[in-house]
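Reader: Please take one close look at the aromatic side chains of this model, and at how their rings sit relative to one another. I would like the cut-offs stated along with each term, since I intend to compare them with my own.

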Amino acid sequence: MKNSNQSVEQIGASRIAIVTGAGASIGRAIALKLARQGVTVVIADRDFKAAQSVQTEITSNAGRALAVQADVTEAAALQHLVDTTVKQYGRIDYLVNNAGTLGPIKPMWETTDAEVDRVFAINVRAIFALTRLVVPHMMKQGSGSIVSLASVAGKDGPQELSIYAASKAAVIGVTKSWAKEFIPHGIRVNCVSPALVEATGMRNEMPDYISTDAAKKIPMKRLVRVDEVANVVSFLLSDEASFVTGACYDISGGRSNY
């Protein structure tokens, strides 16, 4: 039984996590949070220099991390990521499907099949592909925890963001299905749905009228910080959330309420 006085910095001791898109923004914040808790973090990002920078940031503070270059849309890269993790550490306890893209901002009738395919390749198909590779290792060890990044857009359906909204609604849907499938194997699956994030590349891709409108819809009257997203992800991964699976946790300052 866990000592009630155990420091939060120790709860991840000996756990191994893969975090995709961990070279910047939300992914970086999640990686840093987990590392502070004693988790060994595999930092996966297509920008290898960014991943190495986060690795250095973690290891310079006595944490454990490994940077791996990985484009989540490439099957060989995902296989290399999983094989490298298992070879190096022998197991995978946590998976954070964080890598994502906003995609085009335009009316539906102006979108193309190529744009739909690109957004779904990163936001949906890559989650299937990586989770499919990771789950057998979790099944073998009889435990694991998976958290994927959705968005309030998947519930709210913002105007001119139909491809992105649809992709994030898909993340919520697969989370609920996988949770039921993986329960017999000791694996929990959850997702989080943040509102517009304060420091993220996606915000910079939005025209002012969309980002301003998104901010106005938040009852707390501010954007969410990356560390606030990381705190919820960390909780859902941990044993502190041992009876939570199939959930979509809103991090929206009151914007989303279902």
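Author: What follows goes through the aromatic pairs and the setting of the residues that form them. The model is predicted, so local features are reported only at pLDDT of at least 70 and side-chain atom pairs only at pLDDT 80 or more, while totals for chains, interfaces and linings use all residues. Residues are numbered from 1 along each chain as its sequence is written, and side-chain values use heavy atoms, with hydrogens and water left out.

A pair of aromatic rings is described by the distance of the centres and the angle of the planes. Rings of Phe, Tyr and Trp (for Trp, the six-membered ring) pair here if their centres lie within 6.5 Å, and planes under 30 degrees apart count as stacked, over 60 as edge-to-face and the rest as tilted. By this rule the structure has 3 aromatic pairs. One of them joins Trp 178 and Phe 182, and this pair is stacked because the ring centres are 6.2 Å apart and the planes stand at 20°.

Trp 178 and Phe 182 both belong to helix H6, residues 162-182, where a spacing of 4 residues separates them by about one helical turn (helices being DSSP runs of H or I with at least four residues, strands runs of E with at least two, numbered from the N terminus). Trp 178 is buried, with a relative accessible area of 8% (buried means under 20%, exposed over 50% and partly exposed in between, with a 1.4 Å probe and protein chains only). Phe 182, at 10% relative accessibility, likewise counts as buried. Together with Phe 128, Trp 178 and Phe 182 form one aromatic cluster.

Phe 235 and Tyr 249 form an aromatic pair that is tilted, with 6.3 Å from centre to centre and 50° between the planes. Phe 235 lies in helix H9 (residues 226-237) and Tyr 249 in strand E7 (residues 248-251), so this pair ties together parts that are 14 residues apart in sequence. As for exposure, Phe 235 counts as partly exposed at 31% relative accessibility, and Tyr 249 is also partly exposed, with a relative accessible area of 30%.

Set side by side, the stacked pair lies within helix H6, formed by Trp 178 and Phe 182, whereas the tilted pair of Phe 235 and Tyr 249 links helix H9 with strand E7.
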